[in-house]
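Student: I should like to understand how the empty spaces and the ligand site of a protein model are described. May we look at one together?

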Amino acid sequence: MDSQNYSAPQDLLTGKVIAVTGASDGIGAVAAKTFASFGATVILMGRTVPKLEKVYDDIESAGWPQPAIYPICLEGASEKDYEDMYDRLEETFGKLDGLLHNAGELGQRTPIANYKLSTWQKVLQVNVTAEFMMTKALLPLLEKSDSASIIFTTSGVGRVGKPFWGAYAISKFATEGMSQVLANELEGISNIRVNCINPGATRTRMRATAFPAEDPSTIKIPEDIMPLYLYLMGNDSEGITGQSMDAQ
Ligand code: NAP
């Protein structure tokens, strides 16, 4: 299966409930709209409500299934907030078929020798610890699905420790590790598959911040990398777990 060029049937995600973190902008906003356009009810998670409302309105005016907004600041949320999240989603939807961990903090592009502890803590909290807490809380809801998919978001610098990427790179190594550990724990005993996507260079605010001298017109837009997101979210990827795949 050439998953980078996967062509999804129009009803791929019909009846599925899918949560997307960082759904307010960049890859997350496009992934949420793409999942909705293939029939999913999407839960738009993020911290900037007006931006989430814009994504909500786009989905509603396109006539796709009505989404939901779930405001959450991943830097400040506590374990109790994730337990409450489970209760509210269970009450409203009764199950969860997909969870795209997409939100991310870039932190500083500077040597470890100069890296600020406060930035380190923020990046690790959002990119790793929040993912752990949310995944742990929502696993019982994902278990209620016949075929569920958890997708983590990695990066090329989460596989090779390149200089000056600091906590961001280290957080992505941890994300790859969390995805593997969880995939191996669930394989054979659960309907949940767990994989990582490396988006590759994609035209977003984060990319522009990380590479200010780059001409944005030379790199892909989020819409271009959606085939792999659809493949891993839909049932055609059943049996695929513990993989880290490149979207381009
Ligand atoms: P982006 O446009 O900057 O979007 C990041 C998203 O994360 C936004 O929705 C942002 O919310 C949200 N977020 C950040 N901190 C948050 C917090 N504390 N609480 C809640 N939400 C928070 O970035 P992107 O390029 O689309 O990145 C998406 C994912 O792809 C990230 O995991 C990134 O590491 C990964 N990635 C991107 C590239 C690339 O070239 N773009 C390459 C490799 C990996 P606000 O809108 O409220 O700020």
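Tutor: We begin with a term: a cavity is a set of grid points where a 1.4 Å probe fits but cannot get out, and its lining residues have an atom within 4 Å of a point. Please bear in mind that this model is predicted.

Student: What makes a residue part of the lining of the largest cavity?

Tutor: A lining residue must have an atom within 4 Å of a point of the cavity. Thr21, Leu74, His101, Asn102, Ala103, Val126, Ala130, Glu131 and Met134 line the largest cavity, so each of them meets that cut-off. Helix H4, residues 117-142, gives the most to this lining, with 4 residues. By class, the lining holds 5 nonpolar, 3 polar and 1 charged residues.

Student: How many cavities of 30 Å³ or more does the structure hold, and what is the volume of the largest?

Tutor: The structure holds 1 cavity of 30 Å³ or more. The volume of the largest cavity is about 40 Å³.

Student: Why is the space of about 1000 Å³ called a pocket and not a cavity?

Tutor: A pocket is an open set of points, whereas in a cavity the probe cannot get out. The space of about 1000 Å³ is classed as a pocket, so it counts as open. Its lining has 45 residues, and the closest to its centre are Asn102, Gly104, Tyr168, Thr204 and Met206. H6 provides the largest share of this lining, 5 residues.

Student: Where does the ligand sit, and what does that statement mean?

Tutor: The ligand sits in the largest pocket. The cut-off is that more than half of its atoms lie within 2 Å of the grid points, so the ligand passes that test for this pocket.

Student: What makes the approach of the ligand to Thr204 a polar contact?

Tutor: A polar contact needs a pair of N or O atoms within 3.5 Å. An oxygen atom of the ligand is 2.6 Å from an N or O atom in the side chain of Thr204, so the pair qualifies. Polar backbone atoms also take part: a ligand oxygen is 2.8 Å from one of Ile27, and a ligand oxygen is 2.9 Å from one of Thr202. The protein covers 96% of the 890 Å² of accessible area that the ligand has on its own.

Student: Which residues surrounding the ligand are the closest?

Tutor: Of the 30 residues that surround the ligand, the closest are Ser24, Thr48, Lys51, Tyr168 and Thr204. This shell divides into 10 nonpolar, 12 polar and 8 charged residues.

How values were computed
Residues are numbered from 1 along each chain as its sequence is written. This is a predicted model: local features need pLDDT of at least 70, side-chain atom pairs count only at pLDDT 80 or more; totals for chains, interfaces and linings use all residues. Side-chain values use heavy atoms; hydrogens and water are left out. A residue is near a molecule or strand if one of its heavy atoms lies within 4 Å of it. A polar contact is a pair of N or O atoms within 3.5 Å; within protein, one must be able to donate a hydrogen and the other to accept it, and residues adjacent in sequence count only if both atoms are side-chain atoms. Accessible areas come from the Shrake-Rupley method with a 1.4 Å probe; for residues, only the protein chains shown count as cover. On a 1 Å grid over the protein atoms alone, a cavity is a set of points where a 1.4 Å probe fits but cannot get out, and a pocket is an open set with protein on both sides within 12 Å along at least five of seven lines; lining residues have an atom within 4 Å of a point. Ala, Val, Leu, Ile, Met, Phe, Trp, Tyr, Cys and Pro count as nonpolar, Asp, Glu, Lys and Arg as charged, and the others, Gly among them, as polar. Grid points are joined across faces, edges and corners, and a volume is the space filled by probe spheres set on the points. Helices (H or I, at least four residues) and strands (E, at least two) are DSSP runs, numbered from the N terminus.
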